[in-house]
Amino acid sequence: MMDTPCTVVPLAGTREDDFAQCLLHGLSRPQKEIPCKYFYDEEGSRLFDAICELPEYYQTRTETALLARHAPEIARRIGPQSEIVEFGAGALKKIRLLLDVVRPRGYTPIDISGDYLMGVTRTLAAEYPGLNLRPLAADFTAALAVPPLPGAHGRAGFFPGGTIGNFRPEAAAGLLRRMRASLGGANAHCKGLLIGVDLVKDPARLHAAYNDAAGVTAAFNKNLLARANRELGADFDLDAFAHYAPYNPVARRVEMYLVAQARQSVTLRGRRFDFAAGEAVHTEDSHKYTPDSFAELAANAGWRLAEQWRDAEDLFMLAWLES
Ligand SMILES: C[S@@+](CC[C@H](N)C(=O)[O-])C[C@H]1O[C@@H](n2cnc3c(N)ncnc32)[C@H](O)[C@@H]1O
């Protein structure tokens, strides 16, 4: 049993209409695009979980090992009886490594995949009686006013998974700035933000991670089209699009596309969209950082890189940011 019942505060930005509007807008642009946050309905969240288990996807294994190894130091930074607010919480697996050591008073997982979030929160609630759980189905790119948890000794943010890489540097700085404001900014109540950052590395390793042999990332990418068919009655032929995810070493990002395999038309909400053979729809960027370039990004957003933990191969970095 939890101390308090779960509260759910659905915010604008997660409604079906927004998906429709974004899709209509994105497919009308000269370079067609669909924002990556729409990957995540229940099916998309399940597919992302499967990606995390793939042998090629080093990110999850590496970040999980860093969290396990450095949890005591992280606990000292956060302090006991605090509140942890997690942005893009997904399956709530990584937080378990902190809950056991940090022993916070409350935990507020935020995710855009609302039904999935509620399901995994119920499982967590059964495992952690007494923890104040306040799942929030919301878009974390909005300016979120998350009310402080009564009685908590400070608040820390948690943003794992390398999700910050999905934002172009200027948008990433804006997001980190808004997160700082949501957590309390320079106020002493704000302990800091623990963030996972995927590092610049051998392009072959990056290519393999986003082009897995089992085709799970391809299915995850195509879920955007499947979701449009399910929710909006679109008529995308999934077999007529190919997953394409090259690493751009100059921009230091993996770019993800769905490429039309032949000339075709798709109907969405009564509008027709034509695709030339070989035409690409941009679906995601995943920017990679060096420790220095990430420290610079954090500084642009009003944070200071106070501590960092990296694995022996320098694949991934856990960064502790303070105001
Ligand atoms: C790359 S996954 C990381 C999941 C998990 N934190 C991890 O480390 O394994 C990104 C997560 O953020 C969520 N997400 C993506 N964009 C979001 C947004 N704009 N607002 C809220 N959640 C978002 C997705 O639903 C997904 O759970």
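In this predicted model, a polar side-chain atom of Lys94 lies 2.6 Å from an oxygen atom of the ligand. Two further residues place N or O atoms beside nitrogen atoms of the ligand: Gly88 through its backbone and Asp139 through its side chain. The table sets out these three polar contacts.

| Residue | Part of the residue | Ligand atom | Distance |
|---|---|---|---|
| Lys94 | side chain | oxygen | 2.6 Å |
| Gly88 | backbone | nitrogen | 2.7 Å |
| Asp139 | side chain | nitrogen | 2.8 Å |

On its own, the ligand has 590 Å² of accessible area, and the protein covers 93% of it. The surrounding shell consists of 18 residues, of which Gly88, Lys94, Asp111, Asp139 and Phe140 come nearest. By class, seven members of this shell are nonpolar, six are polar and five are charged.

Attention now turns to the nonpolar interior. The largest nonpolar core has 70 residues, and the most contacts inside it belong to Leu27, Leu98, Tyr107, Leu194, Phe236 and Phe275. Helix H3, spanning residues 58–78, gives the most to this core, with seven residues. A separate second core contains 31 residues, including Val85, Phe140, Ile164 and Ala301. Phe140 thus appears in two settings, as a member of the second core and among the residues that come nearest to the ligand.

Within the largest core, Phe236 serves as an example of the packing. Beyond its neighbours within four places in sequence, Phe236 is in contact with Leu27, Leu225, Ala228, Asn229, Phe241, Val266 and Phe275. Among these partners, Leu27 and Phe275 are themselves listed with the most contacts inside the core.

How values were computed: Residues are numbered from 1 along each chain as its sequence is written. This is a predicted model: local features need pLDDT of at least 70, side-chain atom pairs count only at pLDDT 80 or more; totals for chains, interfaces and linings use all residues. Side-chain values use heavy atoms; hydrogens and water are left out. A nonpolar core is a set of buried Ala, Val, Leu, Ile, Met, Phe, Trp, Tyr and Cys residues joined through side-chain atoms within 4.5 Å. Buried means under 20% relative accessible area, exposed over 50%, partly exposed in between (1.4 Å probe, protein chains only). Helices (H or I, at least four residues) and strands (E, at least two) are DSSP runs, numbered from the N terminus. Contact means heavy atoms within 4.5 Å. A residue is near a molecule or strand if one of its heavy atoms lies within 4 Å of it. A polar contact is a pair of N or O atoms within 3.5 Å; within protein, one must be able to donate a hydrogen and the other to accept it, and residues adjacent in sequence count only if both atoms are side-chain atoms. Accessible areas come from the Shrake-Rupley method with a 1.4 Å probe; for residues, only the protein chains shown count as cover. Ala, Val, Leu, Ile, Met, Phe, Trp, Tyr, Cys and Pro count as nonpolar, Asp, Glu, Lys and Arg as charged, and the others, Gly among them, as polar.
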